[in-house]
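Biologist: I would like a close look at a single part of this model, taken slowly and with its surroundings included.

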Amino acid sequence: MSLNSLALIENWPVTAAAAGVVRADGTVLGTHGPADRRFPLASVTKPLAAYAVLVAYEEGAIELDEPAGPEGSTVRHLLAHTSGLAFDEHRVMAAPGDRRLYSNAGFEQLGDHVAKATDIPFAEYLRQAVLEPLGMTSTSLEGSPAKDGVSTVGDLLRFAAEVQAPRLLDPRTVGEAMSVQYAGTKGVLPGYGHQNPNDWGLGFEIRNGKSPHWTGASSSPRTFGHFGQSGTFLWIDPDAGMACVALADRSFGPWAIEVWPAFTDAVLAEARG
């Protein structure tokens with residue numbers, strides 16, 4: 001089957017976009033646009049990086065609750081954006097666990113931590129641990145683990161299928177990653193303002209009752225994923241049993257806030273129908 005709703009990307013105010021949907025069993029329900037075109041991911045890099053961190057955890061190279069980052073912070077704090085580090089500076093703004101301070105710096109410290117523990121540069125570790133086993137041959141990390149990934153819709157659908165039916169990780173680990181860490185923690189969701197609570201898992205943002213939000217009005221509260229400032233998103237809706245990826249060549253802004261939720265609602269309605 002092919003989802004007609006994916007063609008809505010034709011109406012987006014962008015020069016190029018691609019999108020796709022994959023079920024939990026790995027069945028690709030459809031793609032639209034250049035599925036093999038490489039787009040900068042911006043923060044959609046974070047779920048890929050987080051998955052590599054979780055592989056390092058399962059391999060015994062690190063522990064989730066071992067010290068990492070600023071004083072008193074752990075690997076878990078860094079993954080859940082509660083280490084207290086500033087957004088883009090390696091500067092402490094709060095005590096670990098106090099606030100949900102979304103932090104690129106935190107993911108950079110995660111990458112350094114894993115590289116030190118494994119004696120493998122983080123970009124190479126990500127390639128060996130996640131990208132290569134999943135056949136994500138068009139994906140690479142070209143700098144910061146927070147924001148410098150480049151990938152295609154085709155590759156990200158492989159990743160989204162893996163997260164829904166894990167082979168690289170124990171399903172219990174992925175269950176933890178999509179469960180709220182440090183419940184009740186409030187903070188700012190970039191682009192969408194203050195959220196109380198601002199729920200997050202391990203490297204994945206969790207929708208729950210957030211409003212406004214970049215997913216759809218019909219997205220289940222359990223929906224989790226990430227969006228990026230380069231005009232990209234990846235969501236997984238466990239209740240719908242499917243995931244959606246969209247990549248574009250225009251930076252996130254009011255256009256995305258306007259078109260993304262309606263797009264998601266149309267995709268969900270068609271796939272469910």
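Which residues in α1 meet which residues in α5? Please set the answer in the context of the helix itself and of what precedes it.

Modeller: This is a predicted model, and in it P47, L48 and Y51 of α1 meet L156, F159, E162 and V163 of α5. The helix α1 covers residues 45-58, and its axis lies 12 Å from that of α5, the two packing at an angle of about 50°. Because angles between 35 and 65 degrees fall outside the roughly parallel and roughly perpendicular ranges, α1 and α5 are oblique to each other, and their crossing is left-handed.

Turning to α5 itself, the helix runs over residues 153-164, and its twelve residues should span 16 Å at 1.5 Å a residue, which agrees with the 16 Å between its end C-alpha atoms. Ten of the twelve residues are buried, so α5 is largely enclosed by the rest of the structure. The buried residues include L156, F159, E162 and V163, the four that α1 meets, and also V153, D155, L157, A160, A161 and Q164. As for spacing, an α-helix has 3.6 residues a turn, so residues three or four places apart point the same way.

As for what precedes the helix, strand β5 comprises residues 149-151 and is joined to β4 by two bridges, the two strands running antiparallel; here S140 stands opposite V150 of β5. The open sheet to which they belong has three strands in the order β3-β5-β4, with antiparallel pairing, and its edge strands, β3 (39-42) and β4 (140-141), each pair on one side only.

Methods:
Residues numbered from 1 in each chain as written. Predicted model: local features only at pLDDT ≥ 70, side-chain atom pairs only at ≥ 80, totals over all residues. Heavy atoms only, no water. Pairing = 2+ DSSP bridges. Expected span 1.5 Å × (residues − 1). Buried < 20%, exposed > 50% of the residue type's maximum accessible area, 1.4 Å probe, protein only. Axes fitted to C-alpha atoms, helices over the stretch in contact; angles between N-to-C directions. Parallel < 35°, antiparallel > 145°, perpendicular 65-115°, else oblique. Left-handed = near helix turned anticlockwise from the far one by under 90°. Contact = heavy atoms within 4.5 Å.
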